[in-house]
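This report concerns a single protein chain and the contacts within it. Please keep the sequence and the model at hand while reading.

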Amino acid sequence: RKLAPTPHGRAVLVSEVRGRARPGVIVTRAEQVRACKDPNAPGSLSLAALVCLGALPRPTDDDFEAEDPVGPSLTAFFGASDVELVCVSSLPVGSGLGTSSILAGCLLAAALRCAGRWDPNAEGALPALIGRVLAVEQIADQLHV
């Protein structure tokens, strides 16, 4: 969901696993996006989804500046400088049951719909989403930070 704006923008990433909320992650600077390389870092799947969509800067981009605020990237994608993404799962992290792929698809679809960029009934919408899920799953391997 879109939040009230702050001076530099922020992505608030909230995870709840098996009924227990994990500490939320508030991303305000591009440097913090590097956490998506570590699958055990809080909010890493949400970060990877937002990087995959281009809503947050990719640390391997030539114009990546660690101290840059994320607000401009979020605004370009969502039309808002501040967003919140909530991820809820009944299965433990690392269970091996394929939940990261399912959650990645849900996160991507939610972010795209929030930005007004996805209609699930449009032709080709599902195959495009599946392709993006694969990219999210591989994002840590793609990042050389």
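The account below treats the nonpolar core, helix H1, the cysteines, the charged side chains and one loop residue in turn.

The model is predicted: local features require pLDDT of at least 70, side-chain atom pairs count only at pLDDT 80 or more, and totals for chains, interfaces and linings use all residues. Residues are numbered from 1 along each chain as its sequence is written, and side-chain values use heavy atoms, with hydrogens and water left out.

**Nonpolar core and aromatic pair**

In soluble globular proteins, nonpolar side chains tend to be buried together. A nonpolar core is here a set of buried Ala, Val, Leu, Ile, Met, Phe, Trp, Tyr and Cys residues joined through side-chain atoms within 4.5 Å. Buried means under 20% relative accessible area, exposed over 50%, and partly exposed in between, for a 1.4 Å probe and protein chains only. The largest such core comprises 36 residues, and Leu13, Val27, Leu50, Leu56, Leu74 and Phe78 have the most contacts inside it. At least two core residues come from each of strand E1 (10–17), strand E3 (25–27), helix H1 (44–53), helix H2 (71–78), strand E4 (82–89), helix H3 (99–114) and helix H4 (125–142). Helices (H or I, at least four residues) and strands (E, at least two) are DSSP runs numbered from the N terminus.

With neighbours within four places in sequence left aside, Leu50 is in contact (heavy atoms within 4.5 Å) with Ala11, Leu13, Ala55, Leu56, Phe78, Leu85 and Ala111.

The whole structure holds one aromatic pair. Its members are Phe77 and Phe78, arranged edge-to-face with 4.9 Å centre to centre and 80° between the planes. Rings of Phe, Tyr and Trp (its six-membered ring) pair if their centres lie within 6.5 Å; planes under 30 degrees apart count as stacked, over 60 as edge-to-face and the rest as tilted. Both Phe77 and Phe78 are buried.

**Helix H1 and the cysteines**

Helix H1 is mostly covered, with nine of its 10 residues buried. The buried residues are Ser44, Ser46, Leu47, Ala48, Ala49, Leu50, Val51, Cys52 and Leu53. After H1 comes Gly54, which has a positive phi near 85°.

How many disulfides does a search of the whole structure find? The search finds zero disulfides, a disulfide being a pair of cysteine sulfur atoms within 2.5 Å. For Cys87, the nearest cysteine sulfur is that of Cys106, 8.0 Å away. Cys87 is buried, with a relative accessible area of 10%, and Cys52 is buried at 18%.

**Charged side chains**

Side chains of opposite charge can pair when their charged atoms come close. A salt bridge is a side-chain nitrogen of Lys or Arg within 4 Å of a carboxyl oxygen of Asp or Glu, and by this rule there are four salt bridges. The table lists some of them.

| Pair | N to O distance |
|---|---|
| Arg10 and Asp82 | 2.6 Å |
| Arg29 and Glu31 | 2.7 Å |
| Arg29 and Glu67 | 3.5 Å |

Arg10 lies in strand E1 and Asp82 in strand E4, so their salt bridge ties together parts that are 72 residues apart in sequence. Asp82 is buried, with a relative accessible area of 0%.

The pair of Arg29 and Glu67 also links distant parts of the chain: Arg29 is in the loop between E3 and H1, and Glu67 is in the loop between H1 and H2, 38 residues apart. Through shared partners, salt bridges join Arg29, Glu31 and Glu67 into one network. Within this network, Arg29 is partly exposed at 29% relative accessible area, Glu31 is partly exposed at 31%, and Glu67 is exposed at 54%.

Glu84 is found in strand E4 and is buried, with a relative accessible area of 18%. Its side chain makes a polar contact of 2.6 Å with the side chain of Arg1. A polar contact is a pair of N or O atoms within 3.5 Å; within protein, one must be able to donate a hydrogen and the other to accept it, and residues adjacent in sequence count only if both atoms are side-chain atoms. Leaving aside neighbours within four places in sequence, Glu84 is in contact with Arg1, Leu3, Val12 and Val14.

**A loop residue**

Leu91 is placed in the loop between E4 and H3 and is partly exposed, with a relative accessible area of 33%. Its C-alpha atom is separated by 20 Å from that of Ala110, 19 residues apart along the chain.
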